Amino acid sequence: MKSYRLGLAALSLAFVAALLPSVVFAQDVESRESAAQENAASETATDDSIFDVPDGKEPSFYVDLYPKIMKAAGAEGEKAHSPEEIERYWKHLEKALRSVFLNTLESEEAIKTREEAFFMLTQVLHATGNYEVAKELHDKVTNKNYLGLIDGVLVPAAVAKAIREDDRDALNKEIENFFALRENADVAYDADDINALLKGYDAELALEFAKRVVEEFKDGNEFQKEIADLFIGVVRFNNLVGNEMKIEGFFLDGKEIDWNSYRGKVVLIDFWATWCGPCLAEVPNVLEQYKKYHDAGFEVIGYSLDDDLDVLKKFEEEHKLPWKTMSRALSVKSKEEGGKEYVNLVEYYSIQSIPTMVLVGKDGKVLDIRARGKRLNKDLEEQFPDVK
């Protein structure tokens with residue numbers, strides 16, 4: 001998603017929590033507090049000692065202990081709300097799962113427990129990016145099936161480690177390692193997360209990486225071609241500055257956009273959704289800038305990812321937004337209903353997080369692909385120097 005980005009960390013958190021019977025996905029504070037009270041009443045409070053799994057016991061010990069660990073992790077996950085509590089939750093679960101897996105590695109008796117613990121551990125490691133644990137597993141495991149999944153965890157963790165340490169040589173080595181292991185689907189699908197890590201570190205390096213993914217994956221097997229298709233959009237989006245942007249489809253009122261009619265204006269294209277908290281947090285600033293610069297030639301076009309159009313319409317009515325909103329859902333469904341075919345702009349530009357806000361100049365060429373917050377304000381000051 002923090003912007004809405006369902007990367008591996010977010011997906012893993014949701015996935016792991018979904019498998020824990022005591023974790024409740026409450027939508028508001030009141031329901032979470034109620035669930036927590038019920039949790040306490042049923043005596044499922046976390047006992048930290050259960051995560052300190054001893055080594056060298058009989059396999060049956062770990063088979064019996066595993067469900068207790070998961071129950072305790074569920075209780076802790078239910079209570080984890082602050083960043084510190086969530087970090088503690090991940091560390092406890094990671095530590096316990098690692099011990100269960102390694103201590104049942106050679107046991108035929110504990111196959112089911114080992115498989116479950118290993119799968120959960122890989123999800124947790126995706127979330128934590130713990131290079132040290134991933135490397136330890138890689139060094140201790142010989143089973144090729146396990147190693148393939150471990151590589152899928154280790155490669156992005158190693159990239160993240162090199163970035164944290166600002167070690168260019170190590171980073172280049174890990175990027176080469178990624179491409180060397182690209183026949184492994186678990187590694188290949190890391191491309192998106194590696195690209196996200198690189199964008200935060202060096203935008204030019206990220207673009208080079210994206211272009212290379214396209215070049216080396218486009219003629220590969222089925223999953224490599226799928227990734228290449230995604231990265232064609234990534235490259236297209238990152239090459240927008242200085243070039244014209246394709247905008248087509250329907251507004252929420254069912255009218256087709258005439259993109260050419262916006263020529264001569266500075267236009268903000270806002271990819272957003274009503275269910276995206278960070279998107280809504282941007283609205284007050286965009287409103288302020290709209291009021292300040294609209295008469296001078298500033299316009300805003302929303303591009304909503306909402307599938308529920310009734311919710312979107314209600315939001316628009318309640319908040320009285322002064323600009324028009326395009327609907328991805330209406331635009332994509334057009335062909336299905338016998339109408340004109342429009343590109344799905346989210347896929348076309350591989351929009352991987354929202355809000356994504358693109359500023360287009362009066363000549364129709366993109367000025368900025370990250371026009372959010374103070375950066376948008378600065379961009380508009382430069383475009384409208386006479387407005388005070």
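**Exercise 1. State what share of the chain is buried, and describe its surface.**

Solution. Step 1: of the 388 residues, 49% count as buried (under 20% relative accessible area, with exposed over 50% and partly exposed in between; 1.4 Å probe, protein chains only). Step 2: the accessible surface of the chain is about 19900 Å², and carbon and sulfur atoms hold 49% of that surface (Shrake-Rupley method, 1.4 Å probe; for residues, only the protein chains shown count as cover).

The model is predicted, so local features need pLDDT of at least 70 and side-chain atom pairs pLDDT 80 or more, while totals for chains, interfaces and linings use all residues. Residues are numbered from 1 along each chain as its sequence is written, and side-chain values use heavy atoms, without hydrogens and water.

**Exercise 2. Count the helices and strands, then place strand 3 among its partners.**

Solution. Step 1: the chain has 17 helices and six strands (DSSP runs numbered from the N terminus: helices are H or I with at least four residues, strands E with at least two). Step 2: strand 2 pairs with strand 3 in the parallel sense over seven bridges (pairing needs at least two DSSP bridges). Within this pair, Val267 has Glu299 as its bridge partner. Step 3: helix 13 carries the chain from strand 2 to strand 3 in a right-handed β-α-β crossover (with the strands pointing away from the viewer, the path from the first strand over the helix to the second runs clockwise). Step 4: strand 3 also runs parallel to strand 4 (residues 324-327), joined by four bridges. Here Ile301 has Lys324 as its bridge partner. Helix 14 makes the crossover from strand 3 to strand 4, again a right-handed β-α-β one.

**Exercise 3. Explain why strand 3 is largely enclosed by the rest of the structure.**

Solution. Step 1: Phe298, Val300, Gly302 and Ser304 point one way. Glu299, Ile301 and Tyr303 point the other way. Step 2: seven of the seven residues are buried, so strand 3 is largely enclosed.

**Exercise 4. Find the residues that touch the most other members of the largest nonpolar core.**

Solution. Step 1: this core has 49 residues (buried Ala, Val, Leu, Ile, Met, Phe, Trp, Tyr and Cys joined through side-chain atoms within 4.5 Å). Step 2: the residues sought are Met245, Trp259, Leu268, Ile269, Phe271, Phe298 and Ile301. Step 3: strand 2 gives the largest share, six residues. Step 4: beyond neighbours within four places in sequence, Met245 is in contact (heavy atoms within 4.5 Å) with residues including Trp259, Ile269, Phe271 and Val358.
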